[in-house]
Amino acid sequence: MQLARPRRTDERRRDADSMAVAAFVLGLVGLLVMNIVLGPTAVVLAALALRRGTGRRRRALLGLALGIADLVVLAVLVTVNGSVVWGFGA
């Protein structure tokens with residue numbers, strides 16, 4: 001007796017759901033640190049999750065928006081300070 005293997009579409013949807021959550025987390029963390037790396041990564045993961053039909057569509061869209069916000073913060077920092085580093089103190 002063999003156990004039933006999960007269907008390929010179920011695996012694909014689970015992967016897409018995981019990508020949506022990862023995009024959200026990376027976009028959120030990217031607002032505080034390493035936005036030059038985490039922002040584009042969040043955008044790519046969110047786009048892949050949406051393309052694969054994630055069940056967590058809102059989370060993927062939030063990850064996409066936060067990834068774009070990371071890139072906007074990066075652009076502002078480069079324009080204003082001429083660097084990609086910022087901090088809370090003086």
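**Note on a predicted three-helix chain**

1. Read from the N terminus, the elements of the chain follow the order α-α-α, and the secondary structure amounts to three helices and zero strands. Helices here are DSSP runs of H or I with at least four residues, strands are runs of E with at least two, and both are numbered from the N terminus. The model is a predicted one, in which local features need pLDDT of at least 70 and side-chain atom pairs count only at pLDDT 80 or more, while totals for chains, interfaces and linings use all residues. Residues are numbered from 1 along each chain as its sequence is written, and side-chain values use heavy atoms, with hydrogens and water left out.

2. On burial, 24% of the 90 residues in the chain are buried. The classes used throughout this note are buried for under 20% relative accessible area, exposed for over 50%, and partly exposed in between, with a 1.4 Å probe and protein chains only. The accessible areas themselves come from the Shrake-Rupley method with a 1.4 Å probe, and for residues only the protein chains shown count as cover.

3. The surroundings of Thr54 and Asp17 deserve a careful look. Thr54 sits in the loop between helix 2 (35-51) and helix 3 (57-81), and Thr54 counts as buried because its relative accessible area is 9%. Its side chain makes a polar contact of 2.6 Å with the side chain of Asp17, a polar contact being a pair of N or O atoms within 3.5 Å in which, within protein, one must be able to donate a hydrogen and the other to accept it, and for which residues adjacent in sequence count only if both atoms are side-chain atoms. A polar atom of the Thr54 side chain also lies 3.0 Å from the backbone nitrogen of Arg56.

4. Asp17, the partner of Thr54 in that 2.6 Å contact, belongs to helix 1. Asp17 is buried yet has no salt bridge, and the nearest side chain of opposite charge, that of Arg56, is 4.4 Å away. A salt bridge is defined as a side-chain nitrogen of Lys or Arg within 4 Å of a carboxyl oxygen of Asp or Glu; for charge, Lys and Arg count as positive and Asp and Glu as negative, whereas His and the chain ends are not counted.

5. Arg56 can also be placed relative to Arg14, a residue of helix 1. The C-alpha atoms of Arg14 and Arg56 are separated by 9.9 Å, although the two residues are 42 apart along the chain. Arg14 is classed as partly exposed because its relative accessibility is 49%.

6. Two surface patches can be described. Patches are made of residues with over 30% relative accessible area and no salt bridge, with like charges joined within 9 Å and nonpolar side chains (Val, Leu, Ile, Met, Phe, Trp, Tyr) within 5 Å; the place of a charge is taken as NZ of Lys, CZ of Arg, CG of Asp or CD of Glu. The positive patch is formed by Arg8, Arg12, Arg51 and Arg52. Of these residues, Arg8 lies in helix 1 (residues 8-30) and counts as exposed because its relative accessibility is 73%.

7. The nonpolar patch, of about 610 Å², is made by Val25, Val29, Leu32, Val33, Met34, Ile36 and Val37, and helix 1 and helix 2 each supply at least two of its residues. Met34, in the loop between helix 1 and helix 2, has a phi near 50°, which is a positive value in a residue other than glycine. Met34 counts as exposed because its relative accessibility is 51%.

8. Val37, another member of the nonpolar patch, lies in helix 2 and is partly exposed because its relative accessibility is 42%. Val37 and Asp70 are 33 residues apart in sequence, and their C-alpha atoms are 9.3 Å apart in space.

9. Two alanine pairs give further C-alpha separations for checking the arrangement of the chain. Ala22, in helix 1, is 7.3 Å from Ala42 in space, C-alpha to C-alpha, with their positions 20 residues apart in sequence; Ala22 is partly exposed because its relative accessibility is 27%. Ala65, in helix 3, is 9.7 Å from Ala23 by C-alpha atoms, and the two are 42 residues apart in sequence. Ala65 also counts as partly exposed, because its relative accessibility is 44%.
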